[in-house]
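Hi everyone, thanks for coming. I'd like to walk you through one structure today, so please have a look at it while I talk.

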Amino acid sequence: MTQKELVIEFFKNNPNRNIEHKEIVPWLREEWKKRTEKPFRDPDRAIRKLHQEKFLIKTGKGIYRDDPKVAFMG
């Protein structure tokens, strides 16, 4: 599993919901550490990159959403 896949997993498990960085970042860090015993270095960047790839929709500053009807993996 990659860090990108972990971010996608989180959003796929929480579709159509606006999620703030302060909710997802701690989960990503803890879950990655649990699964790999390594730190997740830059979860913010991973989230922004998925937005840039049109996988996530940015609904506000630091707030992202996965809308399966709109977003697509480019």
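I'll go through the sheet, then the helices, and finish with some residues in the loops and at the end of the chain.

One word of caution before we start: this is a predicted model, so please keep that in mind throughout.

Let's begin with the sheet. It is an open sheet of three strands, and the order across it is E1-E3-E2, with antiparallel pairing. As a quick reminder, strands of a sheet pair through backbone hydrogen bonds, either parallel or antiparallel. Which strands stand at the edges here? They are E1, residues 19–20, and E2, residues 57–60. Each of those has a single partner strand, so one side of each is left without a neighbour in the sheet.

Now look at E2 together with E3, which covers residues 63–65. These two pair in the antiparallel sense over three bridges. If you want a spot to orient yourself, find Gly60, which stands opposite Ile63 in E3. E2 and E3 form a hairpin with two residues between the strands, and Gly62 there has a positive phi near 75°.

On to the helices. H1 runs over residues 3–12, and its buried residues are Leu6, Val7, Ile8, Phe10 and Phe11. Some of you may like to think about that in terms of helix geometry: an α-helix has 3.6 residues a turn, so residues three or four places apart point the same way. What covers the buried residues of H1? The cover includes E1, H2, H3 and E3, so as you turn the model, try following H1 from each of those elements.Next is the pair H2 and H3. Helix H2 spans residues 21–36 and helix H3 spans residues 43–52; they pack at an angle of about 115°, with their axes 9 Å apart. Their crossing is right-handed. On the H2 side, the contact is made by His21, Ile24, Val25, Leu28 and Arg29, and on the H3 side by Pro43, Asp44 and Ile47. Sorted by class, that contact has five nonpolar, one polar and two charged residues.

Let me pick out some charged residues on the helices. Glu23 lies in helix H2. Is Glu23 buried or exposed? In fact Glu23 counts as partly exposed, at 35% relative accessibility. Leaving out residues up to four places away in sequence, Glu23 touches Phe10 and Arg17. With Arg17 there is a polar contact between the side chains, at 2.3 Å. Glu23 and Ile63 are 40 residues apart in sequence, and their C-alpha atoms are 9.7 Å apart in space.

Arg45, in helix H3, is also partly exposed, at 33% relative accessibility. From Arg45 to Lys4 you count 41 residues in sequence, and the distance in space is 10.0 Å, C-alpha to C-alpha.

Lys12 belongs to helix H1 and is partly exposed, with a relative accessible area of 43%. Which residues does Lys12 contact, leaving aside its neighbours within four places in sequence? Those are Phe55 and Asp66. Lys12 and Asp66 are 54 residues apart along the chain, yet their C-alpha atoms are separated by 6.9 Å.

Now for the loop between H1 and E1. Asn14 is found there, and at 18% relative accessibility it counts as buried, the cut-off being under 20%. The side chain of Asn14 is joined to that of Arg17 by a polar contact of 2.6 Å. We met Arg17 a moment ago, as the polar partner of Glu23.

Asn16 sits in this loop too. Most residues other than glycine have a negative phi, and most peptide bonds are trans. Asn16, however, has a positive phi, near 55°. Lys54 also has a positive phi, near 70°, and its place is in the loop between H3 and E2.

Last stop: Asp67, in the segment after E3. Asp67 counts as buried, at 13% relative accessibility. The side chain of Asp67 makes a polar contact with the side chain of Arg65, at 3.4 Å. Leaving aside neighbours within four places in sequence, Asp67 is in contact with Asn16 and Ile57. That brings us back to the loop between H1 and E1, where Asn16 is found.

That's my tour. Thanks for listening, and I'm happy to go back to any part of it.

Conventions. Residues are numbered from 1 along each chain as its sequence is written. This is a predicted model: local features need pLDDT of at least 70, side-chain atom pairs count only at pLDDT 80 or more; totals for chains, interfaces and linings use all residues. Side-chain values use heavy atoms; hydrogens and water are left out. Two strands pair if DSSP finds at least two bridges between them. Helices (H or I, at least four residues) and strands (E, at least two) are DSSP runs, numbered from the N terminus. Buried means under 20% relative accessible area, exposed over 50%, partly exposed in between (1.4 Å probe, protein chains only). A polar contact is a pair of N or O atoms within 3.5 Å; within protein, one must be able to donate a hydrogen and the other to accept it, and residues adjacent in sequence count only if both atoms are side-chain atoms. Contact means heavy atoms within 4.5 Å. Axes are lines fitted to C-alpha atoms, for helices over the stretch in contact, and angles run from 0 to 180 degrees between N-to-C directions. A crossing is left-handed if the near helix is turned anticlockwise from the far one by less than a right angle, and right-handed if clockwise. Ala, Val, Leu, Ile, Met, Phe, Trp, Tyr, Cys and Pro count as nonpolar, Asp, Glu, Lys and Arg as charged, and the others, Gly among them, as polar.
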